[in-house]
Every structure is written in structure tokens, then in C-alpha cells.
Amino acid sequence: MKNIPIETIGNLRSKVKGRIVLPGDPGFDEIRKIWNAMIDRRPAVIVQCSEADDVPHAISFARENGLVISIRGGGHNIAGNALCDDCLMIDFSNMKNVCVDAAKRLAYVEPGATLADFDAAVQEHGLATPVGINSTTGISGLTLGGGFGWLTRKYGLTIDNLISAEMITANGRKLRASENENGDLFWAIRGGGGNFGVVTQYEFKLHPVGPEILAGLLVFPLEQAKQVLTQYRESIESTPEDLNVWVVLRQAPPLPFLPKDVHGKEVVVFAIFYAGNVAQGKKLIESLRHFGDPHGEQIGAMPYAQWEKAFDPLLTPGARNYWKSHNLTALNDGALDTIIEYAGKLPSPQCEIFIALLAGAANRVPADSMAYAHRDAKFVLNVHGRWDQAADDERCIAWAREFFKASAPYASGSVYVNFMTQDEADRIAAAYGSNYDRLVQIKKKYDPENVFHLNQNIKP
Ligand SMILES: Cc1cc2nc3c(=O)[nH]c(=O)nc-3n(C[C@H](O)[C@H](O)[C@H](O)COP(=O)(O)OP(=O)(O)OC[C@H]3O[C@@H](n4cnc5c(N)ncnc54)[C@H](O)[C@@H]3O)c2cc1C
């Protein structure tokens, strides 16, 4: 354990408006918890910022005392880089404000806001921008890696809607990054993760959405998976981008609209979202029901912010999680067969395979226009290993790795940086793709000493 003199801590305390939390202090164990229970680490110092001006003090304190810096937005990242042993953790869980300028359709968001905080504020004005599908995720990590969700087919990635960011760099300088100010930095943070500095505010463009949308679940038996998924694949080209359907293969949870004897059986779930007029959406999704003989469904009009929370009960913090992920440009037969084979041997009731559909606006942005390079990715295949007991680690991780390997021949070779686990350093070049060399140059300019290296690291 790093030994920091008490007067040195006192000096930091006198400068920072937020709270300094040390091991043994009340709340220490609660604050250091992150979503993935596989990661359990004890920082030497936690700076719970209450304003942007706290950040330069935290950075200089860490550098003067030889402490590595970790940054916690929403604490959701599967790799667990928000947390490290003996480090200084910059924690934003007390900075969650979301300010909306409804007339200009802009939102100003603090770095600790979750997607739930964001959606609640913007939906008061019937506005939204694409974010992820689990409302407890942090806006920070999601945005810096790219960000996609129900609105992505129509409005692109989260970063395609980022207008500017306020940042603190490794030398403590406050900067604004936008198309017109520090354009290279703005290019890099849109997909380059937390490599370039600490973001203290995001400015997003908003779009009219809802508040009422059409959404829900349609559940088929796994035995019908090939016919259902083949028709799904073929339908995508002709469906409007207002419609997004993600596929989840898992054991059926005890959902009230499913017959009891289906609970625990392997199923194919369509998670359906339609951003346009509800009546039109109802007509449009009718054909999906005929892809097979469904076990059941629950689809209806609901507030957009409610649908954004629909998967939260299946994705609560505290479980053990291990992910493997591929980007896909197409869902060919080999991919479908492999997906179906491994959905037939799920190692735990919580493990799942999901296919996120991106096809649309995100694919029309040039690959070199910002750090996120994978503009050809139409689907993201995520193998979500999830279980409760450490004794199941080996078995569940082995399933995820085997499936990942078996499906690799059908994937594009690239990967979404936000879905990478901590043991995937060998995939960093694949994650940044053709933009990697430029990212290295920008890293050299803004963080030559690699102060911010607890991330999928771009080495200067
Ligand atoms: C259950 C679940 C569902 C998900 N669903 C989706 C989805 O639908 N779509 C999608 O795109 N992604 C999704 N993700 C992935 C998610 O985008 C990433 O896990 C993301 O990193 C989470 O952000 P966070 O702020 O919560 O994470 P944290 O763990 O707090 O942060 C992750 C990393 O981001 C960097 N960082 C965080 N805050 C800052 C900051 N203020 N300044 C600079 N760097 C910072 C740091 O390097 C940190 O290690 C999901 C994740 C989970 C666990």
C-alpha cells in the first residue's frame, strides 16, 4: 500500500472542493465498486470531484506522488480500468448534471451522468440522442469509445452527435475540443477512449424523439433460430432506419408474458424499437411475427426513457462478467450457424449472445473523420458471459472464448473498443484500426508521458 504523508493529503483536501476518500473512510468500499464484480481493487486515494476545477489538482497530486490515475465515469466498463490498486481514482459520481437548451436542441452533460440521468433530462423536452441500451451505463466511457443504441440506425453513434467537450489534459491545462478548437483532440476523443485527457463536460446535439415510442420483445424458440435469423438478416435492407431490432439468444427469463414451461429454455429474442409514429410502427413490425412461431410477445407504446431501462433488470451490477466481441459487416450463414450452436450450450442462465444492429447513419460517416474507424460495421456480436459464483469463472470464460474463436472467420477483424476486456491488449491495433497511427501522433502531443494509460492504451 502506498504510504502518503497525512499533511500531503491535507494539502490536496484544502485545494479540492469535492471529497477525498481514503481506505477505511466511510463509503470507501461503496465508491470503489464498479459494475463488473470480477474487478475488485483498492485505490490509495479517491478524489470525488464536485467541479471541473478539482481535476487539475487531482492530476498534479497523483503525478507528484507517483500515483497512477484511473478515471471513473459510470464504472461500467467491462475491462474495469476505472479502478486500480494503489492509484488515484478520479471519481465523477457526484457530477451528474445534464443541462438542456431545448430551443437549440443541445445538452451539456457532466461526466458522471448515467444514460438514465441523460435520458430523463432530455426527454422532458421530447429530445434524445443515441446512447446505449442499459440506463446505468456512464455517458463518459460510452461516448469516448463511440456509443450506439436504439437510435443509431437513424442518428448514428453517440460521437456523431458530440459537438464539443471540455477537458483537462495531462499537464493540467483546461481545453475545449470541437471542430474549431483543438480539432485534432476533438478528432481523437471521438473513439479514442480516455487516452487524451479528462473530460469534464460534453455538449451533444439532440433530436426530437418520442416521448412515446413503440418497443418490446418478441420471443421465438431456439429450434426456429435459423429460419428466424435468416429472415431477420434479409429484412434489414428494406426496413426504415426508424426501426431497430437487436437479437438476444439466451435462456428465457421468467417473463410474465411467456408460458411457464418456456422459462429457462433457450430462446431467440427480438428486442424491437421503433422511433416513428406508433401506429405506423405497429404495421411495420407485423411481418416480424411471421418469421417463426413465437412463444410470446410484449410490444406496445411506451415512453422512450422507460424502454431505455427495459434491460436494466438483466444487467444489474454485482455479477461476474466476461465479454468477447466481434464487428460484423454481414450476418452470413456460417455466422448464424455458429451463433446458434453456441446458444445451444450456454454455460449459465445469465450468459447470452447478442447482435446489435448498427446499419444506417453510422455507416455513412467516413472512416477517417474521427477516431472511431469501423464505419463498415453493420452488426456488433457480443458474447456476454455472466454468472454469480467465482467457481464458475473457468467454465463460463471458456465458453465465451471458444465461441469467439469459432465465430472469428465470419467477423470483420475489428472490434468495438468499449466491449474489450482487460486481457485483450493484443486487439488494440484492431480496435483503433486505420486511425491508429494518427492517434499515436495526437497522444504524443497531448499526453507524451502516457499519464492516462488505464484504458485500451494508445502508447505515445
Ligand atoms: C451492461 C452494459 C451494457 C452496455 N451497453 C452498451 C450499448 O448499448 N452501447 C454501447 O455503445 N456500449 C455499451 N456498453 C459499453 C459501455 O459503453 C462501456 O462499458 C463504457 O466504457 C462505459 O462507460 P462508463 O463511464 O460507465 O465506464 P467507466 O468504467 O467509468 O469508464 C471507462 C473508461 O472510460 C474512460 N473515462 C471515463 N470517464 C472519463 C472522463 N470523464 N474523461 C476521460 N476518460 C474517461 C476511462 O479510461 C475509463 O477507464 C455497455 C456496458 C455494459 C456493462
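On a 1 Å grid over the protein atoms alone, a cavity is a set of points where a 1.4 Å probe fits but cannot get out, and a residue lines it when an atom of that residue is within 4 Å of a point. The structure shown above is a predicted model, in which local features need pLDDT of at least 70 and side-chain atom pairs count only at pLDDT 80 or more, while totals for chains, interfaces and linings use all residues. Residues are numbered from 1 along each chain as its sequence is written, and side-chain values use heavy atoms, with hydrogens and water left out.

A search of the whole structure finds one cavity of 30 Å³ or more. The largest cavity has a volume of about 60 Å³, a volume being the space filled by probe spheres set on grid points that are joined across faces, edges and corners. Its lining consists of Arg153, Tyr232, Ser235, Ile236, Thr239, Leu243, Asn244, Val245, Leu288 and Leu357. At least two of the lining residues come from each of α8 and β13. Helices (H or I, at least four residues) and strands (E, at least two) are DSSP runs, numbered from the N terminus. By type, the lining of the largest cavity has six nonpolar residues, three polar and one charged. Here Ala, Val, Leu, Ile, Met, Phe, Trp, Tyr, Cys and Pro count as nonpolar, Asp, Glu, Lys and Arg as charged, and the others, Gly among them, as polar.

Tyr232 also appears in the largest nonpolar core, which has 129 residues; Phe118, Ile189, Tyr232, Phe270 and Trp307 are those with the most contacts inside it. A nonpolar core is a set of buried Ala, Val, Leu, Ile, Met, Phe, Trp, Tyr and Cys residues joined through side-chain atoms within 4.5 Å. Buried means under 20% relative accessible area, exposed over 50%, and partly exposed in between (1.4 Å probe, protein chains only). Strand β14 (residues 266–274) gives the most to the largest core, with eight residues. Apart from the largest core lies another, of 26 residues, including Val16, Leu22, Val55 and Val451. Not counting residues up to four places away in sequence, isoleucine 189 touches Thr143, Leu144, Leu162, Ala165, Met167, Ala177 and Phe196, a contact being heavy atoms within 4.5 Å.

Charged side chains come next. Side chains of opposite charge can pair when their charged atoms come close. A salt bridge is a side-chain nitrogen of Lys or Arg within 4 Å of a carboxyl oxygen of Asp or Glu, and the whole structure holds 28 of them. In one, lysine 17 meets glutamate 51 at 3.6 Å, N to O. This pair links distant parts of the chain, 34 residues apart: lysine 17 is in the loop between α1 (6–15) and β1 (19–21), and glutamate 51 in the loop between β2 (45–48) and α3 (54–64). Lysine 17 is exposed, at 61% relative accessible area, while glutamate 51 is partly exposed, at 27%.

Another salt bridge joins lysine 154 and aspartate 242 at 2.8 Å, N to O. Lysine 154 lies in helix α6 (residues 152–155) and aspartate 242 in the loop between α8 (225–236) and β13 (243–251), so the pair ties together parts that are 88 residues apart in sequence. Lysine 154 is partly exposed, with a relative accessible area of 32%, and aspartate 242 is buried, at 18%.

Arginine 320 is found in strand β16 (residues 320–328) and counts as buried, at 17% relative accessibility. The C-alpha atoms of arginine 320 and methionine 38 are separated by 5.1 Å, although the two residues are 282 apart along the chain. Leaving aside neighbours within four places in sequence, the contacts of arginine 320 include Asn36, Ala37, Met38, Trp387 and Asp393.

Some backbone details remain. Most residues other than glycine have a negative phi, and most peptide bonds are trans. The peptide bond from glycine 210 to proline 211 is cis, with omega near 5°, and proline 211 lies in the loop between β11 (207–208) and β12 (212–221). Aspartate 86, in the loop between β3 (69–72) and β4 (88–91), has a positive phi, near 60°. Arginine 105 has a phi near 55°, also positive, and lies in the loop between β5 (98–101) and β6 (106–109). Aspartate 86 is partly exposed, at 31% relative accessible area, as is arginine 105, at 40%.

How values were computed:
1 Å grid on protein atoms, 1.4 Å probe; cavity = no way out; pocket = protein on both sides within 12 Å on 5 of 7 lines; lining within 4 Å.
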